[in-house]
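This briefing summarises the architecture of one protein chain. Its topics are one buried residue and its surroundings, strand pairing, a helix and its cover, and a contact between charged side chains.

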Amino acid sequence: MYIILNACYQRDGNGFLVSSKELDVASSGQTIEEANSNFRDALVTYLNTIEELGIREEVFAKRRVKIYTSIPSSIRHSTPVSAESPICYGNVVQHIPAYC
C-alpha cells in the first residue's frame, strides 16, 4: 500500500526544509537529499504511531489521504526537485506496511 503526499521543499538557512501539509510532518537537512531522508524517517515514525494508536483510518479520512495499492502511473514521472529553486513542490510516495 502507498500514500502520495504533496511535499514542499524550501531553503532553510544553510539547508533545506521538507514539509507536507496533508499530515503536518516536516524535517530538514543540509542538502535536499538529507532533508528528504530525514523527512521520510519522520513520516515513517508518524505513520507507525498513528497505526499503533489505531487512528490511521480516522487521520487519513480527516486529512483526505488516499491509500493506493500501487503507485499511479501519473506519479512515477514527477518533476525532480532542484536545489536552485527557493521553493519547489513535488510528490512523495511512501510505502505503508499492511498491518494485520
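**Ser19 and the strand that holds it**

Ser19 counts as buried, because its relative accessibility is 17% and the cut-off for a buried residue is under 20%. The model is predicted. Ser19 belongs to strand S2, which spans residues 15-20.

- Beyond its neighbours within four places in sequence, Ser19 is in contact with Asn6, Ala7, Cys8, Val25, Ala26 and Phe39.
- The strand as a whole is largely enclosed by the rest of the structure, because five of the six residues of S2 are buried.

**Overall organisation**

- The protein chain contains two helices and five strands.
- In sequence order, these elements of the protein chain give the pattern β-β-β-α-α-β-β.
- Of the 100 residues in the protein chain, 32% are buried.
- Considering contacts in the protein chain between residues at least 6 apart in sequence, 56% join residues at least 24 apart.
- The exposed area of the protein chain is about 6,500 Å², and 49% of this area is supplied by carbon and sulfur atoms.

**Strand pairing around S2**

- S1 and S2 run antiparallel and are joined by five bridges.
- Asp12 has Gly15 of S2 as its bridge partner.
- Two residues lie between the strands in the hairpin of S1 and S2, where Gly13 adopts a positive phi near 65°.
- S2 also pairs with strand S3 (residues 25-29), in the antiparallel sense and over five bridges.
- Opposite Ser20 stands Val25 in S3.
- The hairpin formed by S2 and S3 has four residues between the strands, and Asp24 in its turn shows a positive phi of about 60°.

**Helix H2 and its two sides**

- Helix H2 covers residues 56-63, and its buried residues are Arg56, Val59 and Phe60.
- These buried residues line one face of H2, because they fall within an arc of 95° when seen down the helix axis.
- The general geometry is that an α-helix has 3.6 residues a turn, so residues three or four places apart point the same way.
- Glu57, Glu58, Ala61 and Lys62 are exposed and sit on the face of H2 turned away from its buried side.
- The cover over the buried residues of H2 includes strand S1 (2-12), helix H1 (32-52) and strand S4 (67-68).
- Arg64, just after H2, takes a positive phi of about 55°.

**The salt bridge**

- How many salt bridges does a search of the whole structure find? The search finds one.
- Glu51 and Arg56 meet through their side chains in a salt bridge, with an N to O distance of 3.1 Å.
- Arg56 counts as buried, because its relative accessibility is 14% and the cut-off is under 20%.
- Glu51, by contrast, is partly exposed, with a relative accessible area of 22%.
- Arg56 thus appears twice in this account: it is among the buried residues of H2, and its side chain takes part in the salt bridge with Glu51.

Note on methods
Residues numbered from 1 in each chain as written. Predicted model: local features only at pLDDT ≥ 70, side-chain atom pairs only at ≥ 80, totals over all residues. Heavy atoms only, no water. Buried < 20%, exposed > 50% of the residue type's maximum accessible area, 1.4 Å probe, protein only. Arc of directions from axis to C-beta. Contact = heavy atoms within 4.5 Å. Pairing = 2+ DSSP bridges. Areas by Shrake-Rupley, 256 points an atom, 1.4 Å probe, with all protein chains shown as cover. Salt bridge = Lys/Arg side-chain N within 4 Å of Asp/Glu carboxyl O.
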